[in-house]
Amino acid sequence: MNKTIYFIANWKMNGNCNSIKEIERVVSFYKKKANTNFNKIIFCPPLNLLNYFKKKIKNKLIDFGAQDISKINLDYGPYTGQLSGKMLKDSGANYVIIGHSEKRLFDEDFITIKQKINSAIKSKLKVIFCIGENLLQKKKKLSLKVLKKQISQSLEKKNINKVIIAYEPIWSIGTGILPTNDYLSMIYTKLNIFLKDKYKIKTPIMIYGGSVTSDNVVNLGNISLISGFLIGGASLKSKSFIKIIKNYFI
Ligand code: PGA
């Protein structure tokens, strides 16, 4: 059975108005590609660019997401510096990244992440919910315990169908180091069982993030429980991003 494969570009704190040409190149590649039914491309640029990109890129095959959301579950209010789900939605986002390790590091604890997930879902945004262990936790064989805790503490049962779980080992993000296939298979198999048992979901959507490139995506494609990728560095240039998509389907 064909399933949707997600290619999600996490631009982090990168890009400017000119970067729209990178997205335009992906659009023209995508238009030419025959089989567009089974994959979904989502760009998550910094918020200052989101609305501009959304207005310029009319192609329905490309979707957009934000990289953060206010935990305050209101549309508007006296909250300096906050951006509500409604505002993100109005800016053109249909998705939002929550729980990224680069955010957890500064200001996202379990409760904040839970509030953000609820805020997002209230605004009809789909959530790209990031989880991941650090190197020390991996070395101590605590990975699964950490991941399960990250999920349980922030994800309520009622929200399970609205999230894409992005497993991103912290030690792999931006390092060029990838987990072995055995390690990934173990993690995804156990997470799959955990999510089915605890959240009563038939088919959880799980993706992978951390140093994904056009070279290693072929191998990552062998792990059947991985339904796509959250891509940082290699998503900034259309050439490498397109190559990832192409190579995955080879
Ligand atoms: P990377 O980032 O692909 O540059 O490792 C992935 C991420 O942080 O989402």
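**Notebook: N10, the ligand and strand 8**

I looked up N10 first and found that N10 is buried, with a relative accessible area of 5%; buried means under 20% relative accessible area, exposed over 50%, and partly exposed in between, with a 1.4 Å probe and protein chains only. I note that this is a predicted model, in which local features need pLDDT of at least 70 and side-chain atom pairs count only at pLDDT 80 or more, while totals for chains, interfaces and linings use all residues. Residues are numbered from 1 along each chain as its sequence is written, and side-chain values use heavy atoms, with hydrogens and water left out.

**Entry on N10**

I placed N10 in strand 1, which covers residues 5-10; strands (E, at least two residues) and helices (H or I, at least four residues) are DSSP runs numbered from the N terminus. Leaving aside residues up to four places away in sequence, I listed the residues that N10 touches as C44, Q67, I97, H100, L230, I231, G232 and S235, where contact means heavy atoms within 4.5 Å. I also found a polar atom of the N10 side chain 3.2 Å from the backbone nitrogen of K12. A polar contact is a pair of N or O atoms within 3.5 Å; within protein, one must be able to donate a hydrogen and the other to accept it, and residues adjacent in sequence count only if both atoms are side-chain atoms.

**Entry on the ligand**

Which residues surround the ligand? I wrote down N10, K12, H100, E168, I173, G174, G210, S211, L230, I231, G232 and G233, a residue being near a molecule or strand if one of its heavy atoms lies within 4 Å of it. I sorted the residues of this shell into three nonpolar, seven polar and two charged.

I then looked up three distances to oxygen atoms of the ligand. A polar side-chain atom of N10 lies 3.3 Å from a ligand oxygen, a polar side-chain atom of E168 lies 2.7 Å from one, and for G174 a backbone N or O atom lies 2.7 Å from one. The ligand on its own has 280 Å² of accessible area, and the protein covers 94% of that; these areas come from the Shrake-Rupley method with a 1.4 Å probe.

**Entry on strand 8**

L230, which is in the ligand shell, led me to strand 8 (residues 228-231), where G228 and L230 point one way and F229 and I231 the other way, and all are buried. Strand 8 pairs with strand 1 in the parallel sense over four bridges, and it pairs with strand 7 (residues 206-209), also in the parallel sense, over two bridges; two strands pair if DSSP finds at least two bridges between them. I found I8 opposite L230, and I found that L230 is also the bridge partner of G209.

**Entry on two positive phi values**

Is S211, another residue of the ligand shell, buried or exposed? S211 is buried, at a relative accessible area of 17%, and I located S211 in the loop between strand 7 and helix 9 (216-220). Its phi is near 55°, a positive value in a residue other than glycine.

I also noted K141, which is not a glycine and has a positive phi of about 60°. K141 sits in the loop between helix 6 (135-139) and helix 7 (143-154), and K141 counts as exposed at 75% relative accessibility.

Notes: Nonpolar A, V, L, I, M, F, W, Y, C, P; charged D, E, K, R; others polar.
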